[in-house]
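Here is my note on the model you sent round. Keep the structure open and check each point as you read.

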Amino acid sequence: MHKSYQPTRPSANRLLQKKWDDKYYSEHRLLVRDARPTVDTRPPRTYMHLHMKLKKLQLEEERSATIERDNRILLEKMSNIMRTTGSIDNRNDYESKSLNHEKRRRELLRVSRENSTMIKRIMDRKPDLSRESWTSSWSKNVSYLDNISKYDSDWHESKPGSRQIHSRQQSSKRSIDGPRENQKNIKALVMPNVTDITKADNNDSQQ
């Protein structure tokens with residue numbers, strides 16, 4: 001075989017040249033096989049979530065489950081109506097529940113405690129001014145005013161026939177309220193006697 005081999009270059013021994021050429025060619029084929037291409041011509045990677053959308057499948061399953069549940073409820077109602085005469089289901093047995101019921105109850109208790117404490121403080125507080133002292137002072141002032149007054153305080157309310165009785169009652173009341181000074185002397189000083197005035201007028205006319 002080596003005699004029929006024609007090398008590209010002139011050589012003294014065709015056998016050795018064939019071996020060397022075969023060796024070079026095999027090395028070249030190995031390099032070509034392991035060489036990396038400059039342009040990536042491989043197909044793109046396939047992602048599972050792009051081909052199989054799990055969220056869409058989940059929504060479809062939930063929707064189908066809801067439809068099945070509604071259909072089952074409707075079927076039960078229809079079977080109940082067919083078995084019985086039927087009825088109107090318009091009752092609402094729902095009990096209202098408050099999420100902040102406990103908080104509002106605690107707040108109400110706190111406000112009640114504060115109000116009770118405030119009322120207790122107000123009731124235990126002693127007044128700065130005494131009502132009894134005001135009453136006694138007013139009664140004394142009334143008695144003094146009655147002593148120096150020319151007429152009784154309720155002279156316009158008394159009838160002519162009952163003035164004497166009323167004056168007696170007033171005198172007894174004044175004696176109870178407090179000591180009374182000599183009223184006749186005060187009236188004599190404040191209002192002169194009518195007879196003295198008439199005598200004085202007569203003397204002036206005679207002169």
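Which exposed residues does the face of H5 turned away from its buried side carry? Point 1 takes this up.

1. **The two sides of H5.** This is a predicted model. Start with helix H5, residues 131-148. The face turned away from the buried side carries the exposed residues Arg131, Trp134, Trp138, Leu145 and Ile148. On the other side, Ser143, Asp146 and Asn147 are buried. Looking down the axis of H5, the buried residues fall within an arc of 105°, so they line one face of the helix.

2. **Ser143 up close.** Ser143 sits in H5. Its relative accessible area is 15%. The cut-off for buried is under 20%, so Ser143 counts as buried. The side chain of Ser143 also makes a contact: it reaches the backbone oxygen of Lys140 at 2.5 Å.

3. **The length of H5.** H5 has 18 residues. At 1.5 Å a residue, they should span 26 Å. The end C-alpha atoms of H5 are 26 Å apart, so expectation and model agree.

4. **The chain as a whole.** Now step back. The chain has eight helices and zero strands. From the N terminus on, the elements read α-α-α-α-α-α-α-α. Of the 207 residues, 5% are buried. The accessible surface of the chain comes to about 21000 Å². Carbon and sulfur atoms account for 56% of that surface.

5. **H1, its length and its cap.** Helix H1 covers residues 14-34, which makes 21 residues. The expected span at 1.5 Å a residue is 30 Å. The end C-alpha atoms of H1 are 30 Å apart, so the check agrees here too. Look next at the N-terminal end of H1. Asn13 caps it. A side-chain oxygen of Asn13 lies 3.1 Å from the backbone nitrogen of Leu15.

6. **Lys18 and Tyr5.** Lys18 is in H1. With 26% relative accessibility, Lys18 counts as partly exposed. Lys18 and Tyr5 are 13 residues apart along the chain. Their C-alpha atoms are separated by 7.1 Å.

7. **A salt bridge in H1.** A search of the whole structure finds nine salt bridges. Side chains of opposite charge can pair when their charged atoms come close. One such bridge joins Lys23 and Glu27, whose closest N and O atoms are 2.7 Å apart. How far apart are Lys23 and Glu27 in helix H1? They are four residues apart, which means about one helical turn between them. The general rule is worth learning: an α-helix has 3.6 residues a turn, so residues three or four places apart point the same way. Both partners are partly exposed: Lys23 has a relative accessible area of 44%, and Glu27 has 37%.

8. **Arg105 and Glu102 in H4.** Move to helix H4, residues 101-124. The side chains of Arg105 and Glu102 meet in a salt bridge, 2.4 Å from N to O. Both residues lie in H4, three residues apart, or about one turn of the helix. Arg105 is partly exposed, with a relative accessible area of 39%. Glu102 is also partly exposed, at 39% relative accessibility.

9. **A network in H4.** Glu114 and Arg110 form another salt bridge, at 2.7 Å from N to O. They lie in H4, four residues apart, about one turn of the helix. Glu114 is partly exposed at 43% relative accessibility, and Arg110 is partly exposed at 32%. Which residues are linked with Arg110 in a network of salt bridges? The network links Glu107, Arg110 and Glu114.

10. **A nonpolar patch.** Finish on the surface. Met48, Met52, Leu54 and Leu57 form a nonpolar patch there. Together they have about 410 Å² of accessible area. Met48 belongs to helix H2, residues 48-51. The relative accessible area of Met48 is 60%. The cut-off for exposed is over 50%, so Met48 counts as exposed.

Technical notes. Residues numbered from 1 in each chain as written. Predicted model: local features only at pLDDT ≥ 70, side-chain atom pairs only at ≥ 80, totals over all residues. Heavy atoms only, no water. Helix = DSSP H or I, 4+ residues; strand = E, 2+ residues; numbered from the N terminus. Expected span 1.5 Å × (residues − 1). Polar contact = N/O pair within 3.5 Å; in protein donor to acceptor, adjacent residues only side chain to side chain. Buried < 20%, exposed > 50% of the residue type's maximum accessible area, 1.4 Å probe, protein only. Areas by Shrake-Rupley, 256 points an atom, 1.4 Å probe, with all protein chains shown as cover. Salt bridge = Lys/Arg side-chain N within 4 Å of Asp/Glu carboxyl O. Patch = residues over 30% accessible without salt bridge, like charges linked within 9 Å, V, L, I, M, F, W, Y side chains within 5 Å. Arc of directions from axis to C-beta.
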